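User: Please give me a close look at the side-chain links in this model, first the charged pairs and then the cysteine pairs. I would like to know where the partners sit along the chain and how open they are to solvent.

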Amino acid sequence: MAVPLASTGQSITVDGNPGDWASIYDPGSTVTVKSLKRDANNTGDDQFTMGSQDRDPLQEWTWNIGNTNDKGDISNAGAALIGCNLYFFGDRTAINGDAQIGFWFFKDEVAPIGTPPSGFSGEHQIGDLLILTHFTNGGGEPLISIYEWVGSGGSHGELNEITGKTSSEDAMVNNQLYPVPSVTFEGQTWSYAPKSGGPGYVTGSFFEGSVNLCDLFGSVPCFSSFLLETRNAPSLNSLQASLQDLAWGNFDVTPSVTVDDQVVCEGGTAEFTATPHGGVGTLEYSWKIGDGAYSTYSTSNTLSIPNATEGTAVYVKVRGSNGCESDPDEGELTVNPLPALQNATADFCADEQSNTTLADFNDEIGALSTDDVVWYSDAARTTMVTSTGDLAAGPHTFYATVSRSYADTDSESCHSEAELAIEILEAPALQNATADFCEGEMVGVALSSYNDEIGALSTDNVVWYSDAARATVIEDMQDLAVGSHTFYATVSREYPEESCDSEASLTVNVEACSKIKLRKLTDGVVDPTMQWSFTISGGDLPQPITETVANDADGMLFESLVLSKDQTYTICETNVGAAFTVSIKYRDANGVLQDVSWYDPQVINGGGDFNQGEAIGNYCFEIGAGTSIPLPLNTYGSDELDLIFLEFEINNIPPPGGNARTPGYWKNWSSCSGGNQYDKVMEARENGGEKADFWLLDDHLPHTLWTSGTSSFTLTTCNLAVLILDERQNDGRKYAKMASDAAYKLAKHLMTYQLNKNSDTYECASAALAAEQAEALLAQYGFDGTKSSYISNKGKGGGDPNYAIALDLAKILDAYNNNLLCGSQTSSAAARISDGEFKAPSDLDNSLSLIAFPNPAREVTTIRFSSPTATQAVLQVYSMDGRQHSILFNGEMEAGKVYEEQLQLNKDSGSMLFYILQTEFGSQTGKIVTIRE
């Protein structure tokens, strides 16, 4: 079958000879709808993956880069539309055995997208065309089947087979060796190398075919792209075949169009021309300007817009004779303005002006360096001049015509006019100036803002320098230190050859202006009876400044002090009693109080924070330069009410509810240990009065460590109590250290906990429970500090089974005594379990039933619980450090009903857990010992 092209004599004959395709891709060809694709071979070839099939939606097709088998390896693919006839060709590297190829013609833009592995662009449209060709006997007998994509309900579901429209002449493979056409089209070069034989197309390796689209569809469909595929199928009509290699390209039956942007001068006419690509038959165009409506289609591919305005958008669409319409393209109109000029003036010293070049003033009138500027000496612009000549004193005017050409427009140059008024005068008359600032206030202040004060005119060229030698140019003031600083100005009324210069200076005086306010509270209120003292030191202060709130009704300190923002200062509250909790806050720029970190500079052996037994100490923190609390900036000369203060609020909170003390504290704060704190107790109590509440060990004697029935162990003397706190045996002789015995260690931390609670320290339910267990354990062994061993890890079977339990209880109590448990005021290590959440052990309601089994447990244990009355209840589990492990039950308990909840144990559960059942009328607790592998 051959279709000639009348204008060129071109034709395609479906005979297996690729030679006639060369004329189709010739630059002089009149075939407008055509495509050529050169595909990679073997390795690095794009190919279908994941079992993609022709019946699949395009969104399910996938592709990747891989190795293609020779029989299914495409080298070249192409298609062309001549009249109603659709021609297509493809090749394979090898021809052994049976094979299948398929040609898709899509209405949408379909192509592989993304970085492999990936998918395809576009979606199937009704009317997409699939042409399948089956090669048998090595490719010598091609057969064609044609399918239309219908989405559903077709002869093959999504595809409907079109029958009775093909003949044996519609497809052919080459039956002899043919050379490879020498063709390059749109960047694709036709090349081919067979697996064996050649060079050129060996028999059976090149396929071409055609179908009559008008015969199939009544007209030419609006195709936009095509794709050649090789398939892995045993028969021609097998649409479940897995797709293999692919080659694709544009097939512009649906035309596209471009329109170039246009650039004109103001008042010009914009000429837009549409350039089509593809399409069938005579093309027609529809234009739209801005937000208006599209015009009726016509064959005119140009649009003229007179007196166009900047930013006008133009849109154009094109359609072929078969009705296929392109997407619109947009052309933007840029209107180049006339040169925006302004009149200029120039002043010269009378003794320096001579024959000034007028072109030197082009910039001042607004002309660009690329403009054509012509100067005249008369307003009628008849006499051109290039320089002023020698001018007498007084005013003189010159006239300029500026022509601006644009490289991106064909319009004539745009013209504007301006004038230059020259005044011959004396040099500038200047004077020195001064300025006063607070620190930081001058940062970024332009020195040019003082041009007026030194007497410079707005038209003068003023250059400021940081040195008297005028070597270093400076534009803005930087952050100047407190003191006096001088800047130097040279004022020039400049001209190309000469300038009239005068000099002046600006003296800048910088003062410290930062202010602070420190409001001192005692238990949240101002208490003028207290003797709280504060010292500020460092920075530029020659010596520390101390102020006190005694007899101060508003509690405000340091209000009159002026500080430098560039200095670092240390503020300390001195001689604060250890029992007080000190809260230090400052108000940030948003007026919100923020916490301030403090430290105690009077540290004993690296301790600090009163943990080494100090009776009194200092709370210090830094402000100013290099700290997280900068000093505020103020404006020089501001009224007192307008000043910005850095405000602090420091509150000393007395016990109860304060922090716990360590065993070392209680040993030192006694009359018998020889520690130096005992002598300071009275001093500490005097500073805080009765509120200071500095407890001594002696204050709590006699002290009962444990009670069980009619038995108990009571410490009656200071020396005996100190022995227990120091883990020593009370044998009346050597007082040996017994730290290896778990009972002595447990007794030390239990006694410290009891002394702390007697001193009204903070509440912690997990510590209270541990203390109850510790008292019971020590009572079980009748601990009185006289034996050399109570609970040891030595002996058969690894020692006493209560050894590990005693140490675990000691750890809990030690954590409390170091304020590391239940979120004390100095620790955020764990969530606090206070009596506000759970009742203390002494308040537990024994009518509740609560038990864990097995106990000890290795991987899982069951907690069984019940209540005699209906109640809301929560069953929670906590680790030894007070952290919540889990919530096992939270809801309504029925009266008398027995509940069971399983608790999973793991390596993070620790050696002991506490479980607490809280109800509306009481609580019950227990412990679980975990067995580690």
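Analyst: The count of salt bridges comes to 22, a salt bridge being a side-chain nitrogen of Lys or Arg within 4 Å of a carboxyl oxygen of Asp or Glu. The model is predicted, with pLDDT of at least 70 needed for local features and 80 or more for side-chain atom pairs, while totals for chains, interfaces and linings use all residues. Residues are numbered from 1 along each chain as its sequence is written, and side-chain values use heavy atoms, without hydrogens and water.

Among these bridges is the one between Arg55 and Glu158, whose closest N and O atoms lie 3.1 Å apart. This bridge connects distant parts of the chain, because Arg55 belongs to the loop between strand E4 (45-49) and strand E5 (62-66), whereas Glu158 lies 103 residues away in strand E11 (157-162) (helices, H or I, of at least four residues and strands, E, of at least two are DSSP runs numbered from the N terminus). Arg55 is partly exposed at a relative accessible area of 25%, and Glu158 is likewise partly exposed at 23% (buried is under 20%, exposed over 50%, partly exposed in between, with a 1.4 Å probe and protein chains only).

Another bridge pairs the side chains of Lys565 and Asp566, with 2.7 Å from N to O. Here Lys565 counts as buried, at 15% relative accessibility, whereas its partner Asp566 counts as partly exposed, at 33%.

A further bridge is made by Asp726 with Lys667, the closest N and O atoms being 3.0 Å apart. Distant parts of the chain meet here as well, with Asp726 in the loop between H5 and helix H6 (742-758) and Lys667 in helix H3, 59 residues apart. Asp726 is buried, at 16% relative accessibility, while Lys667 is partly exposed, with a relative accessible area of 22%. This pair does not stand alone, as bridges with shared partners join Lys667, Asp726, Arg728 and Lys737 into one network.

Turning to the cysteines, the count of disulfides comes to five, a disulfide being a pair of cysteine sulfur atoms within 2.5 Å. In the link of Cys84 with Cys214, the sulfur atoms are 1.9 Å apart, and an angle of -70 degrees about the S-S bond makes this link left-handed. The two cysteines come from distant parts of the chain, 130 residues apart, with Cys84 in the loop between strand E6 (76-82) and strand E7 (85-91) and Cys214 in helix H2 (213-217). Cys84 is partly exposed at 27%, as is Cys214 at 24%.

A disulfide also joins Cys572 to Cys620, again with 1.9 Å from S to S, but its torsion of about 115 degrees means that it is right-handed. This pair ties strand E39 (residues 568-577), which holds Cys572, to strand E42 (residues 616-624), which holds Cys620, across 48 residues. Cys572 is buried at 13% relative accessibility, and Cys620 is buried at 1%.

In the disulfide of Cys672 and Cys718, the sulfur atoms are 1.9 Å apart, and the S-S torsion is about -75 degrees, so this link is left-handed. Its partners are 46 residues apart, Cys672 lying in the loop between helix H3 (663-668) and helix H4 (681-688) and Cys718 in helix H5 (718-725). Cys672 is partly exposed, at 27% relative accessibility, whereas Cys718 is buried, with a relative accessible area of 9%.
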